[in-house]
Amino acid sequence: MKILTFTGRTPSEALKKAKMDVNYSQMLHIDTKEIQKKSLGREPIYEIIMGIESDSAAHATYQKTKSSQKDERPLTQKSADVLYDISYAARQISKIADVKEPLHEHQESRSQMLFEPKELKEIKSEIVKLGDKVKVIQNMFWDEKAPNLESHIPSEFAEIYRLASQSGMNRDHLDAIMRMTLEHMPFRMRESSATVKRYFQTVLRKMVPIRLESTPSIGNKKVIMLVGPTGVGKTTSVAKLAARYSYLMQKKYKVGLVVLDTYRIGAVEQLMQYARMMKLGIETVVDPIDFASALDSLRYCDYILIDTMGSSPYDRTKIEKIYECLDGNDVKYNINVVLVMPSSIKYEDLKATYDNFSTLKVDTLMFTKLDETRGFGNIFSLAYETKKPISYFSVGQEVPEDLVCASSDFLVECLLNGFNRSKA
């Protein structure tokens with residue numbers, strides 16, 4: 001079957017052109033669209049999409065008519081029309097593929113006469129393939145360099161490579177994952193860009209280490225220390241975790257807070273205000289020697305959350321002070337160290353931050369400010385490189401609503417399709 005298009009200033013004018021070129025009784029009316037709206041100094045343009053059997057007499061007449069016509073338009077106008085047709089086709093093909101029934105009853109009866117279910121299925125399959133080819137043409141103009149791989153990347157992979165590259169993912173990581181995908185992906189799945197994307201998403205999900213949330217066992221407590229650079233949202237994250245453990249879980253656990261951030265008076269006051277609102281115990285530590293006694297004061301709690309002073313990743317003095325607190329614990333409590341970092345900085349800065357805080361024996365990663373960035377490949381690359389699991393995402397400033405338990409599905413969705421608060 002051939003797909004023909006006719007344009008005019010009105011639907012009737014476009015239909016008249018179709019009747020002049022082809023026997024209308026042998027055509028199937030697929031769709032009518034307004035492709036250019038009327039505006040000042042510009043006429044509207046309507047397009048009619050018709051289908052015709054390739055071996056019909058009407059098709060032969062149409063080919064003969066078109067071959068006898070000469071295109072007298074300027075070359076620039078022809079080029080513009082070609083580019084417009086490609087762009088418009090990309091928008092319309094998916095809609096055509098989803099057409100389950102014609103717009104009018106007489107069209108439905110004509111469709112039933114001309115096509116059997118098997119033929120209609122074959123037509124839709126060809127339209128889907130045509131849509132993929134148009135997408136490939138568009139992706140040929142991407143401004144990223146092709147990956148330096150031993151094997152050539154099929155054109156169907158261009159879109160997924162561009163999305164991952166623009167997300168901020170490390171180039172070496174992306175090339176390694178693409179190489180693995182090409183090696184293991186079944187050849188039959190490469191025919192469609194949609195199946196390529198789904199397969200790539202599955203591969204990425206399996207590569208994201210995640211630490212699932214767990215609750216304290218009977219007779220034990222969970223001690224969680226949040227560390228990280230200045231201004232990443234550690235204090236707000238402590239408040240979110242405290243509210244979650246105290247009110248949002250199936251069991252309302254007893255939560256206590258410890259503050260090591262005596263450098264910022266505002267941070268101490270903010271956390272004390274949260275403690276009063278939620279009726280939580282809170283202890284302030286000035287010297288590392290007082291850290292162990294502060295933990296003992298909260299031994300009745302199920303959870304003990306520790307807020308630390310913010311520090312530049314290159315300020316060894318402050319990081320060593322946190323280490324002294326951990327070292328003075330004498331292994332009485334098992335402290336889970338969570339490195340909190342913003343998602344809005346590039347991968348190289350995330351990696352430098354991790355390297356400088358790694359002396360604190362980081363257990364898991366937590367990323368904040370997901371609502372302030374459009375690229376999430378940097379998060380994936382850090383977790384992939386360090387093999388450290390992600391425990392939580394902070395997606396805003398609201399306490400406690402904007403805290404999300406980490407999942408590989410959520411991160412990969414953000415990476416390839418952007419952040420969507422409704423899916424958080």
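Me: Which element of the protein has the lowest mean pLDDT, and which the highest?

Reply: Since this is a predicted model, confidence is a good place to begin. Among the elements of the protein, the lowest mean pLDDT, 46, belongs to helix α3 (residues 75-97), and the highest, 96, to strand β9 (residues 364-368). The protein averages a pLDDT of 77, and 72% of the residues score at least 70.

Me: What should I make of stretches where pLDDT is low?

Reply: The general idea is that the predicted coordinates should not be read in detail there. Here, residues 111-115 have a pLDDT below 50, with nine contacts in the model beyond near neighbours in sequence. Residues 140-145 also have a pLDDT below 50, and eight such contacts.

Me: Now the sheets. In what order do the strands of the open three-stranded sheet come?

Reply: To read a sheet, follow the pairing rather than the chain. The order in this open sheet is β1-β3-β2, with antiparallel pairing. Its edge strands are β1 (2-8) and β2 (27-36), each pairing on one side only. From one strand to the next, the twist averages 20 degrees.

Me: How many bridges join β1 to β3?

Reply: Seven bridges join β1 to β3 (residues 45-52), and the two strands run antiparallel. For one position to look at, take Ile-3, whose bridge partner in β3 is Gly-51.

Me: Which helix packs on that sheet, and which strands does the helix touch?

Reply: Helix α1 (residues 11-21) packs on the sheet and touches β1, β2 and β3. The direction of α1 makes about 130 degrees with that of β1.

Me: Let's move to strand β4. How many of its residues are buried?

Reply: For a strand, check burial and then the direction of each side chain. Strand β4 (residues 222-227) is mostly covered, with six of its six residues buried. Lys-222, Ile-224 and Leu-226 point one way from β4, while Val-223, Met-225 and Val-227 point the other way.

Me: What does β4 pair with?

Reply: β4 pairs with β7 in the parallel sense, over five bridges. Five bridges also join β4 to strand β8 (residues 335-342), again running parallel. On the β7 side, Lys-222 stands opposite Tyr-303; on the β8 side, Val-227 stands opposite Leu-339.

Me: Tyr-303 in β7 brings me to aromatic rings. How many aromatic pairs are there?

Reply: The count comes to five aromatic pairs. One of them is formed by Tyr-245 and Tyr-303, which are stacked at 3.8 Å centre to centre with 10 degrees between the planes. This pair links distant parts of the chain: Tyr-245 is in helix α9 (residues 234-248) and Tyr-303 in strand β7 (residues 303-307), 58 residues apart. Both Tyr-245 and Tyr-303 are buried. Ring pairs also bring in Tyr-253, which forms a cluster with Tyr-245 and Tyr-303.

Me: How are Phe-410 and Phe-419 arranged?

Reply: Phe-410 and Phe-419 form an edge-to-face pair, 6.4 Å centre to centre, with 90 degrees between the planes.

Me: Why does Phe-410 count as buried, and why does Phe-419 count as partly exposed?

Reply: The reasoning compares relative accessibility with a cut-off, and buried means under 20%. Phe-410 counts as buried because its relative accessibility is 8%. Phe-419 counts as partly exposed because its relative accessibility is 24%.

Me: Which residue lies over the face of Tyr-384?

Reply: Here you look for a charge placed above a ring. Lys-387 lies over the face of Tyr-384, at 4.5 Å from the ring centre.

Methods
Residues are numbered from 1 along each chain as its sequence is written. This is a predicted model: local features need pLDDT of at least 70, side-chain atom pairs count only at pLDDT 80 or more; totals for chains, interfaces and linings use all residues. Side-chain values use heavy atoms; hydrogens and water are left out. Two strands pair if DSSP finds at least two bridges between them. Helices (H or I, at least four residues) and strands (E, at least two) are DSSP runs, numbered from the N terminus. Axes are lines fitted to C-alpha atoms, for helices over the stretch in contact, and angles run from 0 to 180 degrees between N-to-C directions. Contact means heavy atoms within 4.5 Å. pLDDT is the predictor's confidence in each residue, from 0 to 100. Rings of Phe, Tyr and Trp (its six-membered ring) pair if their centres lie within 6.5 Å; planes under 30 degrees apart count as stacked, over 60 as edge-to-face and the rest as tilted. Buried means under 20% relative accessible area, exposed over 50%, partly exposed in between (1.4 Å probe, protein chains only). A charge sits over a ring if NZ of Lys or CZ of Arg is within 6 Å of the ring centre and within 35 degrees of the ring normal.
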